[in-house]
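Dear colleague,

Please find below the structure that I am handing over to you, together with its sequence. My notes on what was found in it follow directly after.

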Amino acid sequence: MSARQRRLWEQRVLDPDGPWHDVAFTIGVDGPYGADRLAALLRELEAAPGEEPGGGFRAVPAAGLRDGVITATVPALWGTPDDFVRAVASGAAPRPREAADADLDHWAGILTGASDPRFPEDGTAGRSPAGVVPFDAGAAGPDLLLAALAVVAWRWTRRTDLPVGLPGGLVRLELDGTTTLAALIESVRRARAEAERHHGTAEQAMEELGIRFLPGLRLMDGAPATTVTSGGLTLTPHVPPHGPAGAVLAVGPAHAAYDARRLSADTVRRVLRQTRMVIGRGAADVPLADLPLMDDAERATILGPFRRTAPPAGSGRALHEIIDGPADATAVVCGGDRLTYRELDRRSDRLARHLLDSGVRREEAVGVGIGRSADLVTAFLGVLKAGAAYLPLDPGHPSDLLEFMRADAGATTTVTAELLAGLDAAGAPGLAGPVPVGERDLAYVIYTSGSTGTPKGVQVEHRQIVHSTAARHTVFPGPYDSYLALAGPAFDALGAGIYLTLSRGGTLVLPADDEVTDPWLLAKLIDRERVTHFDGVPAQYAAALDAAPDVLAGIRCAVVAGEACPPGLPARHFEVTGDAVLVNEYGPTETTVWALCHRFERPPGAGSGPVPIGRPVAGALAYVLDDDLNPLPIGVPGELCVGGAGVAVRGYLGRPDTTARRFVRDPFGPGLVYRTGDLVRWRPDGAAEFLGRIDRQVKIRGHRVEPGEVEAALRRHPRVREVAVVPAPAGGHTRLVAYIAVDGASPAPTDAELAAFAGGLLPGHMVPGLWVRLPAMPRTRNGKLDRAALPPPPPRTGRGGAPAEPRTPAQRAVCDLLASLPDPGPAADPAAAPAADPAADPAATPAARPAARPAADLTAEVPAWAGRLYGPAVVTALLRDRFGEPVPQVTAGTSARRIAAGLRRAGASPAAPDRTQPER
């Protein structure tokens, strides 16, 4: 097989159900051509050098002639319909061009460090993958079309280094917001001309360099299938619109082809519409960042109904003034403690009087060092009534962190459970009258986790939390007879549950610490207190649904927040509860608990994809903006910026510089917006979809990787309940480690199954190299995933024993072969065997073509990334191609050492010297 055939063969083996592996078409025949000539051609093609691949698919065309029409099916790994038409005319197969050193040098510079740009995916799994939509590029030539497509892809993928496939090669474009469209078109012209000089040799270069790279984004040739005339014979092909094998999106002047499992038709049409908009600017001397990708109508939608849904719902009162319940009704339940509204009011009055008598001043930060309990609610309200601001200090947090927060906030007074008990025992007096508190006074200071640096104290005023609470009344169905809030004392979500429930006369249920962490104990609490509303992180709710579905069948509403909601959770919710409302809530502390939400009142449809974070709540403003704070159209990822009544406009306590960076002027109205750092996009229905964090990118073997994107892909596995993907050092490189918690009702998927599943959705460098199974993910006291508490990954070595460097030519050739395969997943540590990507080699430069690097040692194994049938079949065929016959039998898990020993016993040797691997 040629290098090109091998590359497409591997693609087909990896994705046997992918589109356009074969193209069926017809050829009108006018002239002297009989079935015997066609049969002779097909025999010649069958007898051509190369190997018929395993896996049950053909490597050569099949055709028949009837009534002057040839009906043909051409495998992509053999060639194109045009190639076959020319073969029919000439009676011989086309000969591939042999790569010269200049070709290899050129492609080394293009391919080194290249990685595929990825559009946010919204396709439908299980449907026919071959999607085609019409497109009219007008009079645009290939340079303008490619430049326009690159601009749009740059905005959708946020990639400034953009590889794009061409017929016979590829280009690699650098885009920057300050570059003009005219300059980009000129750059494209030069790049295309250079690629054309090396046409048809890119696959050979990949073979030499040990790189496997097929761009998902392609530019297709605009010429229709060519009529060929030869010796009185005229062949007129009729080829249906299609795309190149392995493409996710391919665009030509007349149509676009896409993989419908990855992208929806709506997304593709939006990309094409935006491409036409850029084409309409011609060769304008306009910076790329200033090129509009939406018309006035879409902009009006983005900055109108998408931006805002309802006016603020606040009342102008102080936070403690909205507490309103029957005096003898139960306000708070925690363990054996039950407080009525009268008792809560009396106890918080006592504390307020004590704080004032102790010299606490207006807006002074007062620490509250109490865990989940009725005392905690009493302390919050007492501090508020004194005109001070409470600072939650979770006793479960490290003491040095608590001391830091006290000192940073200037909190010289701390309320404890012992203090409250002493005031009660002494019958201490309460307030003589209410203390004046304004809606713009400080209500509380809550410190963020500090996962991105030193913890920062977010300052929230009364008006912001009162507004946030009032906005909840229109979303969460009442009455709030028994509202279970699982958040920890230092998490602002607990305050949301407290004030929502107590402002409507409901009963707040707080769990003990062991009830939060044990789903069975939590289920008993839910049953005992006849809980009507469940409020926690998605993992807590999922665990409760699994542990006690009968108990949860009677709830009225479930609220999940704090982390991404798994796609399967809504369906499970409705399966258990019937018609209970489910709310997926989003909001950082800086926007006062929440800013957007998505309310489910019925089960989502099959294949509905990721759970959106929804639309702005009443009084909130939501924008999806680029780096220059320009609005982005539907579907295009950008940073979520939140404005409106809930924004904590005071910012971070004592950090004016950080505040100025994160709280900026609203570009489209008065006030401030908070830059969340979260990557989202608008859906066509006006809901926002969370894509990950902008600042979590890592580099894996030279490629930029967003772990959140890998997590999102793995969540689509039907048996994966939770997943966390983290980078970890290994052998001087970085690898991805996937921590998996699986659905306990089904057998856990194997490493090979997980790697194959991930490989079907992600490029090789994004497939985790190590899989760690956990019964459940570690959680912080607030119920969020605790990445710092994930166990260290175990060391991995192949079954072949201690590391051993290849020494003989056969050993080096086998290691090189295994390294050139798609990412082998967990069978061999890819971080220790980065040969498939020479970007990891500091010696890899365009000036000196990088040598193909062998696998790290002879313990590398034959992967099972495409299942038991295909993985060994590919390796066996590649062995025949490189060594001839006979070759040893290969199965999944066979080590490089064993393969090389089998080749030695068979007397086989590499067919040609290894051009890229120097002797050692």
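In this predicted model, nine strands make up an open sheet with mixed pairing, in the order β13-β12-β20-β19-β21-β22-β23-β24-β25. The edges are held by β13 (337–340) and β25 (615–616); each has a single partner strand, so one side of each is left without a neighbour in the sheet. At the β25 edge, strand β24 (residues 596–600) runs antiparallel to β25 and is joined to it by two bridges. In one of the pairs, L596 has P616 of β25 as its bridge partner. At the other end of the order, helix α10 (residues 341–357) lies across β12 (330–334) and β13, and its direction is at about 85° to β13.

A second open sheet contains five strands, in the order β2-β3-β1-β9-β8, and its pairing is antiparallel. Its edge strands are β2 (62–66) and β8 (228–230), each of which pairs on one side only. From one strand to the next, the twist averages 20°. Within this sheet, β1 (residues 22–30) and β9 (residues 233–238) are paired in the antiparallel sense over five bridges, and D30 stands opposite T234 in β9.

Two helices pack on the five-strand sheet. Helix α2 (residues 35–47) touches β2, β3 (69–75) and β9, and its direction makes about 175° with that of β2. Helix α3 (residues 81–90) touches β1, β2, β3, β8 and β9, with its direction at about 35° to that of β1.

One residue of the edge strand β2 may interest you: R66 is placed in this strand. Is R66 buried or exposed? Its relative accessibility is 68%, so R66 counts as exposed. R66 and V29 are separated by 37 residues in sequence, and their C-alpha atoms are 9.8 Å apart in space.

I turn next to the nonpolar cores. The largest has 79 residues, of which L111, V151, L175 and L249 touch the most other members. Helix α5 (residues 142–157) gives the most to this core, contributing 12 residues. Leaving aside residues up to four places away in sequence, L249 touches F119, G216, L217, R218, A256, A257, Y258, L263, V268 and V271. Apart from this core lies another, of 72 residues, including A331, V368, L423 and L502.

Several helices deserve a separate remark. Helix α8 (residues 265–279) has 15 residues, which at 1.5 Å a residue should span 21 Å; the C-alpha atoms at its ends are 21 Å apart, which agrees. The buried residues of α8 are A265, T267, V268, R270, V271, L272, Q274, T275, V278 and I279. V268 and V271 also appear among the residues that L249 touches.

Helix α14 (residues 462–472) contains H467. With a relative accessible area of 5%, H467 is buried, since the cut-off for that class is under 20%. Residues up to four places away in sequence aside, H467 touches P312, A313, G314, A618, G619, A645 and G646.

Helix α22 (residues 707–714) is mostly covered, with six of its eight residues buried. These are P707, G708, V710, E711, A713 and L714.

For the protein chain as a whole, the secondary structure comes to 26 helices and 35 strands. The chain has 920 residues, and buried residues make up 56% of them. Among contacts with a separation of 6 or more, 72% are between residues 24 or more positions apart.

Finally, a word on confidence. The protein chain averages a pLDDT of 85, and 84% of the residues score at least 70. Over residues 796–803 the pLDDT is below 50, and this stretch has 15 contacts in the model beyond near neighbours in sequence. Residues 823–856 likewise stay under 50 in pLDDT; for them the model has 98 contacts beyond four places in sequence. Where pLDDT is low, the predicted coordinates should not be read in detail.

Yours sincerely

Note on methods
Residues numbered from 1 in each chain as written. Predicted model: local features only at pLDDT ≥ 70, side-chain atom pairs only at ≥ 80, totals over all residues. Heavy atoms only, no water. Pairing = 2+ DSSP bridges. Helix = DSSP H or I, 4+ residues; strand = E, 2+ residues; numbered from the N terminus. Contact = heavy atoms within 4.5 Å. Axes fitted to C-alpha atoms, helices over the stretch in contact; angles between N-to-C directions. Core = buried A, V, L, I, M, F, W, Y, C linked by side-chain atoms within 4.5 Å. Buried < 20%, exposed > 50% of the residue type's maximum accessible area, 1.4 Å probe, protein only. pLDDT = per-residue confidence, 0-100. Expected span 1.5 Å × (residues − 1).
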